[in-house]
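Got your viewer ready? Let's take a walk through this one together, stop by stop.

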Amino acid sequence: MADLAVKKPLKILFVTAELAPLVSTGGLADVAGALSKNLKQRGHDVRIAMPAYGQIPREHWGKERFPCIADLGCKTVYGAMRESRLPGSDAPLYLIEHKDYFERNYLYGDNVHEYVDNAERFCFFCLATLNGMEQSNWIPDIVHCHDWHASAIPSYLRTRYARHPDWKNVPTHFTIHNLAFQGRYKPDKFACTGFDQELFGPESFEHYGDMNLMKACIAFSTKLNTVSPRYAREIQTPEYGVALDSMLRTRKEDLTGILNGVDYSVWNPARDPHIAATYSHEELAGKAPCKAALQAEFGLPQKPDVPLIGLVSRLTWQKGFDLVAQAIPELAKLPAQFVILGTGHPEIEQRLLALAATYPDKLQVQFAFDVPKSHRLQAGCDFFLMPSRYEPCGLTQMYALAYGSVPIVRRTGGLADSVRDISTRTLANGTATGISYVPVTAAAIIKSVKEAIDLYANPECYRGVQQTGMRQDFSWDRAGDLYLEQYQAAMEAMS
Ligand code: ADP
Ligand code: GLC
């Protein structure tokens with residue numbers, strides 16, 4: 001970190017649809033908040049643009065700076081750009097304001113249907129951001145765009161801004177946090193993106209007859225990454241490529257995998273204001289009161305010696321919650337308790353609710369997006385289960401490691417890159433940090449939970465795995481270094 005801090009400070013613009021701690025539906029927010037803060041602490045001029053959602057508390061809206069404008073082709077849309085600050089940092093935060101687009105009940109839609117005008121909303125966001133930067137006379141050295149919502153920017157810069165005096169040489173870096181969300185819509189939506197109709201071809205926006213904003217971005221970004229080395233390889237295969245694998249292979253020289261980090265100023269059981277008692281890998285005594293408090297909070301019988309297995313997640317197919325529901329009748333026969341905190345698909349919620357009613361001493365569920373509660377869950381359980389079908393990185397298993405909740409994960413994407421499976425060898429050399437398995441089945445979940453119960457029955461062995469996990473270092477300095485290298489490479493490629 002120190003040597004990078006002395007190099008020339010870069011002007012870095014983050015463009016993101018979510019930002020912790022202001023507005024979040026998942027890991028994108030954590031990453032945008034923590035990585036920007038880390039790069040700012042190193043002395044770079046990091047600024048962030050995001051939509052001014054109604055969900056952002058008003059005290060964070062800052063003062064109105066100036067109107068901004070976006071020509072979407074089908075219409076010209078007027079908005080405003082406000083300047084605020086990223087909480088916990090002095091990084092400027094630009095909020096792109098438009099009441100109709102961004103002051104709605106949800107960020108993207110409810111858990112079943114997304115808003116029909118999402119392409120238009122986020123193209124407006126991207127164009128208004130570029131317009132706002134021009135007006136504030138701050139043109140970055142690199143624009144770092146996150147996920148499909150910001151994916152129009154690299155395409156604008158290399159097409160309609162290709163001769164623009166400010167923007168023509170500005171490189172872009174695009175991070176794929178989740179390839180499943182691509183900004184893929186019916187072709188009639190293309191008319192309201194502000195791109196020239198001529199660009200609607202298979203080398204960029206056209207994708208099996210639809211328009212696809214992320215596909216074009218993959219073509220136009222200077223550099224690309226996803227959030228773990230393993231997922232970067234996986235998405236270049238048909239199995240994980242969500243129909244973009246061949247497009248991604250064309251950019252394989254520019255596509256890297258950078259594992260996300262953990263913001264240990266937020267996720268640290270030794271200094272966590274949300275939990276019943278603090279603890280560390282050297283002094284674990286505080287974990288028992290956290291477990292008792294969690295059992296009480298979820299209404300489970302107080303059983304200090306029964307392993308408590310927690311899940312915090314979006315309740316979706318990606319995260320394997322249909323398989324969890326399928327496994328529960330068998331899991332309920334085992335000497336273990338389960339707590340689930342999440343929000344997601346109504347059908348999955350209904351199934352879990354019914355199962356909790358059938359096995360109330362074994363399973364309790366709460367449907368809320370509640371950050372302090374998620375800290376209490378991480379602190380209070382003995383194991384953390386993450387049976388994802390695919391997982392670009394996953395942050396919660398890394399939080400679980402820090403909180404001494406041994407992860408049980410499917411060996412895919414970032415889960416495979418961050419959890420070291422228990423084996424005779426890893427137990428003997430003291431490197432095991434969790435339990436992992438491969439098949440996408442309820443039976444595999446049940447088998448792994450049984451392994452967890454066996455591990456827990458051997459306190460010395462369990463303690464060793466738990467403490468090794470707590471000592472892992474996933475701090476953002478490592479990922480920050482790698483992003484800075486990528487920015488540098490992108491700047492060289494454009495010079
Ligand atoms: P994803 O981004 O795919 O949802 P990650 O593991 O990368 O998965 O990040 C999820 C983030 O959202 C974590 O910070 C996690 O603690 C948080 N989270 C998920 N569900 C909830 C919830 N119901 N309440 C509070 N935080 C949640
Ligand atoms: C996505 C992924 C998750 C990743 C997060 C942050 O939402 O599903 O695996 O950790 O983005 O990069």
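Before we set off, a bit of bookkeeping about charges: Lys and Arg count as positive and Asp and Glu as negative, while His and the chain ends are not counted. The place of a charge is taken as NZ of Lys, CZ of Arg, CG of Asp or CD of Glu. With that in hand, select the charged residues: the protein chain has 51 positive and 55 negative charges, and their mean positions are 2 Å apart.

Keep in mind that this is a predicted model, in which local features need pLDDT of at least 70 and side-chain atom pairs count only at pLDDT 80 or more, while totals for chains, interfaces and linings use all residues. Residues are numbered from 1 along each chain as its sequence is written, chains are lettered from A and ligands numbered from 1 in the order in which they are written, and side-chain values use heavy atoms, with hydrogens and water left out.

**Stop 1: the whole chain**

Switch to cartoon view. You're looking at 18 helices and 18 strands (DSSP runs numbered from the N terminus: H or I of at least four residues for helices, E of at least two for strands). The radius of gyration is 23 Å, close to the 23 Å that the globule rule gives for 495 residues, so the chain is as compact as a globular protein of that length. That radius is taken over C-alpha atoms, and the rule is 2.2 Å times the number of residues to the power 0.38. Along the principal axes, the C-alpha atoms fill a box of roughly 65 × 50 × 45 Å.

Now turn on the surface. About 19,200 Å² is exposed, with carbon and sulfur atoms supplying 53% of it (areas by the Shrake-Rupley method with a 1.4 Å probe; for residues, only the protein chains shown count as cover). Of the 495 residues, 60% count as buried, where buried means under 20% relative accessible area, exposed over 50%, and partly exposed in between (1.4 Å probe, protein chains only).

**Stop 2: two domains**

Colour 2-261 plus 476-494 as domain 1 and 287-470 as domain 2; these bounds come from an automatic or database domain assignment. Their C-alpha centres lie 32 Å apart. The contact between them takes 21 residues from domain 1 and 21 residues from domain 2, contact meaning heavy atoms within 4.5 Å.

**Stop 3: helix H2**

Select residues 27-41, which make up helix H2, and find asparagine 38 there. Is asparagine 38 buried or exposed? At 5% relative accessibility, it counts as buried. Leaving out residues up to four places away in sequence, asparagine 38 touches Trp476, Asp477 and Gly480.

Leucine 35 is in H2 too, and it is buried at 0% relative accessibility. Beyond four places in sequence, leucine 35 is in contact with Phe14, His144, Trp476, Gly480 and Tyr483. Try a distance label: the C-alpha atoms of leucine 35 and aspartate 477 are separated by 8.8 Å, although their places lie 442 residues apart along the chain.

**Stop 4: backbone oddities**

Most residues other than glycine have a negative phi, and most peptide bonds are trans. Now for some exceptions.

- Proline 21, in the loop between strand E1 (11-15) and H2: the peptide bond from alanine 20 is cis, with omega near 5°.
- Asparagine 137, in the loop between helix H4 (118-135) and strand E6 (142-146): phi is positive, about 60°, and the residue is exposed at 70% relative accessibility.
- Valine 242, in the loop between helix H7 (229-234) and helix H8 (245-250): phi is near 45°, and the residue is partly exposed at 39%.
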